[in-house]
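Subject: Model for your files, with notes

Hello,

Here is the model we talked about handing over. Please look through it alongside the notes below.

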Amino acid sequence: MARFTAALTLCLASSATAFVTPSARRTPVRQATTMKVEGLVGDTAPFGYWDPLGFSQGKSLEQMTSYREAELKHGRIAMAATLGWIAQPGFHPLAKDCHIKTPTDPIKTLYELPPAGFLQIFIFIGFLEFLGLKIKENPTYAAGDLLGASELVDNTDAGWVDYQQKELNNGRLAMFAIMGFWIQDLIFGKTGDLLFAPMVQ
């Protein structure tokens with residue numbers, strides 16, 4: 001139980017600090033008392049503007065926009081990771097070619113991945129980061145909008161706002177989901193369903 005508590009505390013602490021960026025700390029502009037600031041989507045039921053630790057207190061719109069961009073990036077990565085975690089045990093066509101012996105366990109897969117595989121991953125991530133930096137040079141760029149959709153539609157469109165809110169909520173859920181997968185695998189050494197499967201066996 002102590003190991004579980006320590007692992008959960010570490011994961012929650014690291015995910016919370018991931019939203020704090022150096023550039024956000026250096027921005028001495030107008031202040032916003034809550035996360036509900038003009039121009040920032042995110043007021044969704046049932047929690048409203050989700051900020052249980054008060055990160056938005058005393059922050060400016062520019063700082064909150066930086067936080068939102070970090071949240072979107074982490075949420076998108078978590079959604080992809082969650083989907084991959086669920087799909088990998090049943091679908092891993094490249095595992096044999098990559099010399100992966102236990103493709104059903106994503107954490108063990110990391111230990112079996114050759115150095116060339118890690119190099120490819122880092123190069124791909126670096127390319128995406130470079131692409132994101134170039135896109136940000138566009139004067140009409142909006143936080144997290146890598147495809148330029150904000151140039152075609154703005155937040156006066158209810159459908160566009162609803163889409164952004166759904167992405168935020170799904171990303172937040174996925175961040176907790178992937179943390180749960182990691183903790184379960186590290187503590188119990190199992191990647192499958194430990195909650196509902198025993199009830200139907």
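The notes go from the overall fold to the core, the last long section on charged pairs, and one loop residue.

This is a predicted model, in which local features need pLDDT of at least 70 and side-chain atom pairs count only at pLDDT 80 or more, while totals for chains, interfaces and linings use all residues. Residues are numbered from 1 along each chain as its sequence is written, and side-chain values use heavy atoms, with hydrogens and water left out.

Overall fold

The chain holds seven helices and two strands, in the order α-α-β-β-α-α-α-α-α along the sequence. Helices (H or I, at least four residues) and strands (E, at least two) are DSSP runs, numbered from the N terminus. Of the 201 residues, 29% are buried; buried means under 20% relative accessible area, exposed over 50%, and partly exposed in between, with a 1.4 Å probe and protein chains only. The exposed area of the chain is about 13,600 Å², and carbon and sulfur atoms supply 68% of it (Shrake-Rupley method, 1.4 Å probe; for residues, only the protein chains shown count as cover). Taking contacts between residues at least 6 apart in sequence, 66% join residues at least 24 apart, where contact means heavy atoms within 4.5 Å.

Core

The largest nonpolar core has six residues: Ala78, Trp85, Ile107, Ala174, Met175 and Ile178. Such a core is a set of buried Ala, Val, Leu, Ile, Met, Phe, Trp, Tyr and Cys residues joined through side-chain atoms within 4.5 Å. Helix H3 (61-87) and helix H6 (158-188) each supply at least two of its residues, and the largest share, three residues, comes from H6. In soluble globular proteins, nonpolar side chains tend to be buried together. Apart from neighbours within four places in sequence, Trp85 is in contact with Pro106, Ile107, Ile178, Phe181, Trp182, Asp185 and Thr191.

Helix H6

The length of H6 agrees with expectation, because 31 residues at 1.5 Å a residue should span 45 Å and the end C-alpha atoms are 44 Å apart. The expected span is 1.5 Å times one less than the number of residues. At the start of H6, a side-chain oxygen of Asp157 comes to within 2.9 Å of the backbone nitrogen of Gly159. Just after the helix, Gly189 has a positive phi of about 70°.

Salt bridges

A salt bridge here is a side-chain nitrogen of Lys or Arg within 4 Å of a carboxyl oxygen of Asp or Glu, and by this rule there are seven. Side chains of opposite charge can pair when their charged atoms come close.

- Glu69 pairs with Lys136, with the closest N and O atoms 3.4 Å apart. This pair links distant parts of the chain, as Glu69 is in helix H3 and Lys136 in helix H5, 67 residues apart. Glu69 counts as buried at 17% relative accessibility, whereas Lys136 is partly exposed at 37%.
- Glu167 and Arg76 meet at 2.6 Å, N to O. Glu167 lies in helix H6 and Arg76 in helix H3, so the pair ties together parts that are 91 residues apart in sequence. Glu167 is buried, at 16% relative accessibility, and Arg76 is partly exposed, at 29%. Leaving aside neighbours within four places in sequence, Glu167 is in contact with Leu72, Arg76 and Met79.
- Lys134 pairs with Glu137, the closest N and O atoms being 3.6 Å apart. Lys134 is partly exposed at 42% relative accessibility, and Glu137 is exposed at 56%.
- Arg68, Glu71 and Arg172 form one network through salt bridges that share partners.

Loop residue Ala143

Ala143 sits in the loop between helix H5 (115-136) and H6. Its relative accessible area is 24%, so Ala143 counts as partly exposed. Where does Ala143 make contact, leaving aside its neighbours within four places in sequence? The partners of Ala143 are Thr65, Glu69 and Leu72. The C-alpha atoms of Ala143 and Lys73 are 9.8 Å apart, with their positions 70 residues apart along the chain.

Regards

Conventions. A polar contact is a pair of N or O atoms within 3.5 Å; within protein, one must be able to donate a hydrogen and the other to accept it, and residues adjacent in sequence count only if both atoms are side-chain atoms.
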